[in-house]
Structure formats: structure tokens, C-alpha cells
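Let us take a friendly walk through a protein chain, one feature at a time. Keep the picture open as you read.

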Amino acid sequence: MTANPLLTWPPELTEVQVAALTLQATTYALSHGLVYLPVADKQPPAPTSTIHAPLALLPSPIPRRQFDKARGLQKIYNILYSRVATDVEFLDRVMGAVEGVGKVDEFTGSLWKRWIRVREAGIVQPLQLGLFRSDYMVHLPDVNKPASLKQVEFNTISSSFGTLSERVSGLHRYLLKSTGYYGSSQYLKTENLPENHTTAGLAEGLVAAHKAYGVPSARILFVVQDNERNVFDQRWLEYELLETHSIHVVRQTLTELLTSASVDTTSHVLRINGDIEISTVYLRAGYMPTDYLTPKHYDLRYLFETSKAIQCPSIQLQLAGGKKVQEELTKTGVLEKFLHDFPALEISALKESWMEMWALNEDGDAGVTRAREESSTLVLKPQREGGGNNVYKEAIPPFLDDLPPSEREAWIAMKLIATPQGLGNYLVRAGGGHEGAVKTEVISELGIFSWSLFGNGDDGVCKIEEKEVGWLVRTKGKDSNEGGVAAGFSVLDSIVLV
Ligand code: ADP
Ligand code: MG
Ligand code: MG
């Protein structure tokens with residue numbers, strides 16, 4: 001009997017084989033744009049060099065049935081989050097600064113207050129675009145029972161690594177074709193490496209918004225961070241938009257937009273530098289507080305939404321992606337309300353993908369008491385994105401000791417996913433003296449990408465056009481709690497279906 005690849009991975013390779021694969025992998029990455037800007041205090045305006053993105057030498061095992069299930073769920077998630085984002089009453093209650101998380105979390109409150117101003121000014125553009133990524137991990141609490149996939153989170157803003165992920169699947173296909181991975185595993189064959197066309201798929205979402213806006217000569221605005229190193233992940237989308245769809249992109253930071261962006265109060269056209277008309281605002285910045293250097297940076301979100309440009313995401317869609325919303329959806333009857341027209345079977349399939357969650361401010365002290373008791377199997381999460389913000393296991397009790405009761409509302413508790421033990425991979429990173437492949441025990445996280453173009457019609461019903469478009473795997477060393485590639489914790493990876 002062959003070993004279960006969910007319990008023993010990677011297959012045996014000699015040192016010489018690993019070195020050969022590493023050379024082929026890094027040179028492939030560098031020549032196929034699977035790259036990052038190098039670390040530097042300040043990037044020159046026109047970069048002169050790149051480093052390869054952190055990568056795994058072999059694809060990581062995911063059960064075929066679970067992979068198909070995750071892709072199958074994406075449609076219902078697209079509809080769910082589109083409906084959540086258009087449910088004003090729900091978002092006010094859960095995320096708002098009067099009744100919800102926005103009271104105690106300044107970042108959430110600052111965004112919500114701009115949304116209130118937009119509503120007071122009157123909604124000009126009812127359509128919104130989401131480029132989503134739903135993240136999962138393999139859950140295997142008992143090795144004698146089948147594995148399942150459990151959702152980590154659902155991202156509604158700046159979901160990254162779509163286009164680089166396509167390039168990692170290309171890399172692993174190339175290594176397979178070139179070396180056969182030296183016949184090291186019966187699982188490593190082409191039919192077990194799924195196709196991945198995220199670049200075309202994500203661009204298609206932006207194109208759908210651009211077309212809905214209806215001015216072919218308008219451009220798409222990419223709002224980017226200062227000193228972004230993951231620029232190529234964004235550039236690949238830009239090239240796709242121009243080369244396949246003849247749509248131009250303008251890239252600007254929020255700080256640049258403070259002086260360059262304006263909205264014509266009569267036509268509601270968003271313009272850059274007084275002349276370039278913008279059809280769609282695609283945010284690859286603005287998901288964390290440090291992106292907003294001043295209150296004026298937040299006001300830009302208001303300005304964008306007083307225009308008829310389509311927002312990806314709107315403030316309300318960003319709020320819908322909050323961890324608090326994820327937790328709220330697990331409460332009795334909430335999902336059933338949003339998915340009233342779905343069969344019970346589909347609703348329960350969705351629920352099966354969830355870990356248990358609760359609010360820290362639940363039932364007086366009960367939420368906190370339970371978090372203390374169960375801390376060894378728990379993660380606490382605030383309303384933040386981008387990695388590095390959570391509190392895990394033994395760090396939870398001292399954290400709770402210091403957390404003022406008034407701030408509990410900003411946090412949720414979530415049961416830890418029981419990821420399979422004994423899985424490894426060769427992680428290859430550039431720079432920092434870590435060159436070369438390092439064999440490490442690992443945990444992988446699968447992301448499913450999709451887009452949804454939606455908005456309430458005059459009848460108050462949310463109309464949705466949506467599509468699942470591809471996937472991503474990030475793999476991290478077993479000892480790291482967090483999984484952000486950009487934050488330096490994990491590497492880009494792909495899938496071998498088992
Ligand atoms: P962020 O929006 O900052 O990415 P996440 O909810 O994705 O926040 O948490 C960051 C990381 O923490 C994840 O990529 C994953 O590695 C780990 N993590 C989060 N929730 C869980 C969980 N329930 N079980 C195990 N690991 C988790
Ligand atoms: Mg996130
Ligand atoms: Mg995440």
C-alpha cells in the first residue's frame with residue numbers, strides 16, 4: 001500500500017535532485033515574472049532588478065473531493081457576500097459606529113462614517129465589484145476519518161496573488177514535464193495538477209465592471225501602496241487588461257490621489273489630473289489603517305463613492321468582509337435569511353465548511369471565559385487584513401488580561417483548524433541569506449478566487465453576475481501561526497490532487 005500523501009509529503013528526493021529542481025525553479029520564476037521587487041528602503045521610480053517570489057519546490061497535496069467542493073461553494077459565497085454588502089441594516093448593526101464594531105474599532109468606524117456620508121449625499125452608482133478570495137485549510141482531527149476543508153476567512157478587498165499563483169502552477173507543471181520529479185511519487189502526474197487561469201479570470205471581473213460603466217475610453221484606477229513589493233502580481237492584471245481588452249490602467253497611491261482625483265458634481269465623473277475618466281476603482285491599498293496617513297485619506301473613499309465609478313470594493317463590501325461578519329453569519333438563522341431561496345442542503349454544505357466562532361463580548365463575560373478555557377484550540381481575530389494581527393493559543397490568556405472590556409466587541413474567537421501533521425515541502429526564498437531549498441514541515445492554505453458584479457435594482461432586489469476563476473495555495477512552516485506571503489511568513493505553492 002502506498003503512503004497516504006496527506007500524511008507523508010514530500011516524496012523522497014536526493015540532495016542532487018533537490019539542487020537541480022531548485023535551479024530550474026528559480027530560473028523559471030525569474031524568467032516568467034514570478035517575481036517581487038527586492039527589499040529596499042526606497043524603490044527607484046523605475047526598478048532595475050527583481051527577486052523570485054518565495055516558492056515551494058513541489059505542489060502540496062489537497063484531496064480532490066475537497067478541492068472540487070471548495071470550487072463548488074464559491075458561487076453561493078459570491079451571492080452571499082453580494083447580498084451582505086447590500087444589506088444596509090445588517091452592516092450598520094454589525095459593523096457600524098453607532099451599534100456595531102465601528103464603536104470600538106477606529107479603523108472600521110472611520111470607513112463606516114464615510115459610507116454614511118455617501119448615503120446622505122445620495123448613491124450615484126449602485127453597482128459594485130468584488131474580486132474575492134475564500135481561504136481554506138485541510139481539517140484532519142482524526143487520521144482514520146476523511147479530511148474536510150474548513151474556511152479560514154473570506155476576503156473582499158485587495159485579495160492578492162491571483163496572477164502569481166497561476167505562474168506557480170505553471171512552474172510545477174514545468175518541473176514535472178522537465179524532470180518528472182524523478183519518478184518520486186505516483187501522484188505527481190499532469191492530470192493531478194489542476195489548471196489555473198486566474199489572470200484572465202480576475203481581469204474578466206474588472207472588464208465586466210468597465211463595460212457596465214459604459215465608456216470604452218475610460219480607464220481603470222489601481223490604488224496601490226507606497227513601497228509595494230508585490231507589484232508584479234498587479235502588473236500581470238494590467239497587461240491582461242491592456243493586451244486582451246485594450247483597457248488602460250492608471251496606478252496611483254492614496255497620497256497621490258489626494259491631489260490628482262476630482263469628481264465633477266454635475267456629471268459625477270471621477271477624473272485623475274482633471275482629464276482621465278475612471279470607470280472602476282480597484283483597491284490594492286486601503287485594507288489596513290496605516291494606508292490612511294491622514295483623515296483626508298479616508299475622505300478619498302467618500303470622494304470615490306460620490307462618483308459614478310464602480311468601486312472594487314465599495315466601503316460596504318469592504319465592511320462585509322470583516323471577521324465580525326463571518327462570525328455573525330454563523331448565528332442561528334442569519335445564513336438562512338440571506339440565502340432564503342437556496343435549498344437546505346446547499347446551506348448546510350456551506351456551514352460544514354466553517355469552524356465554530358463566537359464574539360468575545362458574547363453574553364457578558366461568557367465569551368471571554370470560554371476563550372480562556374479553550375485557548376489551546378483557539379485563535380482570536382480583530383477586524384484587520386493582511387496577516388500578523390491574530391492572537392493564538394497560549395498568548396490568548398495574557399492578551400485577555402490586558403484587553404479592556406470595552407474593546408472585546410472588536411474581536412472574534414475561532415476554533416483552530418486541525419491541519420494534517422507530517423506534511424513537508426522544500427521552501428525556496430530569495431535574499432536575506434536564505435537562498436536555496438529548505439525542507440520544512442508545513443501547513444497549506446487554499447484560496448478560491450472569484451468575482452461578483454452586483455447592486456440593488458430599483459425593486460430593491462440585488463442583481464448579481466458572478467464567476468469562480470481560479471485558486472491559490474500558500475504554504476507556511478508549521479511553526480508559524482500566520483500565513484501571509486507578503487508579510488514574509490509563507491511561500492507560493494500549487495496543488496497536487498490526491
Ligand atoms: P488575515 O485577513 O489577516 O489574512 P486570517 O483570518 O486569514 O487573517 O488569519 C491569518 C492567518 O492565520 C491565516 O492565513 C492562517 O494561517 C491562520 N489562521 C487563521 N484562522 C485560523 C484557524 N481557524 N485555524 C488555523 N489557522 C488559522
Ligand atoms: Mg484577509
Ligand atoms: Mg488571510
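A residue counts as buried if 20 or more other C-beta atoms lie within 10 Å of its own, as exposed if 12 or fewer do, and as partly exposed in between. Keep in mind that this is a predicted model.

**Unusual backbone spots**

Now try the rule on Asn 227. It has 13 other C-beta atoms within 10 Å, so Asn 227 is partly exposed. You will find Asn 227 in the loop between β7 (219-224) and α7 (231-245). At the other end of helix α7, Ser 246 sits in the loop between α7 and β8 (249-253). Ser 246 has 9 other C-beta atoms within 10 Å, so Ser 246 is exposed.

What makes these two worth a look? Most residues other than glycine have a negative phi, and most peptide bonds are trans. Asn 227 has a positive phi, near 55 degrees, and Ser 246 has a positive phi of about 55 degrees.

The chain also has cis peptide bonds, listed here:

| Cis peptide bond | Omega | Place of the proline |
|---|---|---|
| Trp 9 and Pro 10 | about 5 degrees | segment before α1 (15-31) |
| Cys 312 and Pro 313 | about 0 degrees | loop between β12 (310-312) and α10 (315-320) |

**The nonpolar core**

In soluble globular proteins, nonpolar side chains tend to be buried together. Here the largest nonpolar core has 132 residues, and those with the most contacts inside it are Ala 25, Leu 55, Val 223, Val 281 and Tyr 282. Strand β18 (residues 437-456) gives the most to this core, with nine residues. Domain 1 (15-355 + 426-497) and domain 2 (356-414) both contribute residues, so the core lies between them.

Which residues does Tyr 282 touch, leaving aside its neighbours within four places in sequence? They are Leu 206, Ile 220, Leu 221, Phe 222, Val 223 and Cys 312. Cys 312 is a residue you have already met, in the cis bond to Pro 313.

**A four-stranded sheet**

Next, look for an open sheet of four antiparallel strands, in the order β13-β16-β14-β15. Strands β13 (357-359) and β15 (391-392) are at the edges, each with a single partner strand, so one side of each has no neighbour in the sheet. Strands of a sheet pair through backbone hydrogen bonds, either parallel or antiparallel. Strand β14 (residues 378-381) pairs with β16 (residues 412-415) in the antiparallel sense over four bridges. Within this pairing, Leu 380 has Ala 413 in β16 as its bridge partner.

Helix α14 (residues 366-373) lies across β13, β14 and β16, and runs at about 135 degrees to β13.

Conventions: Residues are numbered from 1 along each chain as its sequence is written. Chains are lettered from A and ligands numbered from 1 in the order in which they are written. This is a predicted model: local features need pLDDT of at least 70, side-chain atom pairs count only at pLDDT 80 or more; totals for chains, interfaces and linings use all residues. Two strands pair if DSSP finds at least two bridges between them. Helices (H or I, at least four residues) and strands (E, at least two) are DSSP runs, numbered from the N terminus. Two residues are in contact if their C-beta atoms, placed from the backbone, lie within 7 Å. Axes are lines fitted to C-alpha atoms, for helices over the stretch in contact, and angles run from 0 to 180 degrees between N-to-C directions. A nonpolar core is a set of buried Ala, Val, Leu, Ile, Met, Phe, Trp, Tyr and Cys residues joined through C-beta atoms within 7 Å. Domain bounds come from an automatic or database domain assignment.
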